[in-house]
Amino acid sequence: MSIDTEHFRVALLEERGRVEKAIANLRDDHPGAIDDEVEVITGASDNHLAETATTTLDREIDFTLGANSGQVLSEIDAALKRIEDGTYGICAKCSKEIVPERLEVYPWASLCIEHAREAEHR
Ligand SMILES: [Zn+2]
């Protein structure tokens, strides 16, 4: 196993904190009163990591987070559990290692790129 699970464990815990905070913000604030915590999340789901902050997608962020934040949280928890089990970074379908580049963008990924695409098109 060539994956640095400790690195991704930290990334997952950070991401988990961000998502929880974003959910709390969504509940407390008016939509549109988006702070940079939320921008970070959009950056991550947009194939870029935290360095990229987009401000033009506020409305989409609201929508995406409202619809997906709970799901992302449970996926993050599942990924943390896979790290404990020693199965982190392994595609749930074909048991191949998920490329680290993908895990950098989606640390909670449970499928390789090929099977994630397949799942999306279902
Ligand atoms: Zn696969």
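The following paragraphs describe the fold, the nonpolar core and the zinc site of a predicted protein model.

In this predicted model, the protein contains five helices and zero strands, and the order of elements along the sequence accordingly reads α-α-α-α-α. Of its 122 residues, 34% count as buried, while the accessible surface comes to about 7600 Å², with 50% of that area belonging to carbon and sulfur atoms. Among the contacts that join residues with a separation of 6 or more, 58% are made by residues 24 or more positions apart.

The largest nonpolar core has 20 residues, and those with the most contacts inside it are Leu12, Val19, Ile76, Tyr88, Leu103 and Trp108. Two elements, helix 1 (5-28) and helix 3, give two or more residues to this core, and helix 3 gives the most, with six residues. Tryptophan 108 can be followed further through its own surroundings: when residues up to four places away in sequence are not counted, tryptophan 108 touches Leu12, Glu15, Val72, Glu75, Ile76, Ala79 and Arg82. Leu12 and Ile76, which are named here as partners of tryptophan 108, also appear among the core residues with the most contacts.

The zinc ion is held in the model by four protein donors, namely Cys91 (SG), Cys94 (SG), Cys112 (SG) and His115 (ND1), which lie 1.9 to 2.3 Å from the ion. The angles among these four donor atoms run from 101 to 116°, and the site is tetrahedral; for four tetrahedral donors in general, the ideal angle at a metal is 109.5 degrees. In sequence, the donor residues follow the spacing C-x2-C-x17-C-x2-H. Distant parts of the chain are linked by the pair of cysteine 94 and histidine 115, which are 21 residues apart, with cysteine 94 placed in the loop between helix 3 (58-85) and helix 4 (100-105) and histidine 115 in helix 5 (residues 113-120). The two residues of this pair fall into separate accessibility classes under a cut-off of 20% for burial: histidine 115 counts as buried because its relative accessible area is 12%, whereas cysteine 94, with a relative accessible area of 26%, is partly exposed.

The loop between helix 3 and helix 4 also contains threonine 87, which has a relative accessibility of 36% and therefore counts as partly exposed. Threonine 87 and threonine 5 are separated by 82 residues in sequence, yet their C-alpha atoms are 9.9 Å apart in space.

Definitions and conventions:
Residues are numbered from 1 along each chain as its sequence is written. This is a predicted model: local features need pLDDT of at least 70, side-chain atom pairs count only at pLDDT 80 or more; totals for chains, interfaces and linings use all residues. Side-chain values use heavy atoms; hydrogens and water are left out. Donors are N, O and S atoms within 2.8 Å of the metal (3.2 Å for Na, K and Ca); water is not among the atoms, so sites may look incomplete. Four donors count as tetrahedral if all angles lie between 85 and 135 degrees; four count as square planar and six as octahedral if opposite donors are over 155 degrees apart and all others between 65 and 115; anything else is irregular. Helices (H or I, at least four residues) and strands (E, at least two) are DSSP runs, numbered from the N terminus. Buried means under 20% relative accessible area, exposed over 50%, partly exposed in between (1.4 Å probe, protein chains only). A nonpolar core is a set of buried Ala, Val, Leu, Ile, Met, Phe, Trp, Tyr and Cys residues joined through side-chain atoms within 4.5 Å. Contact means heavy atoms within 4.5 Å. Accessible areas come from the Shrake-Rupley method with a 1.4 Å probe; for residues, only the protein chains shown count as cover.
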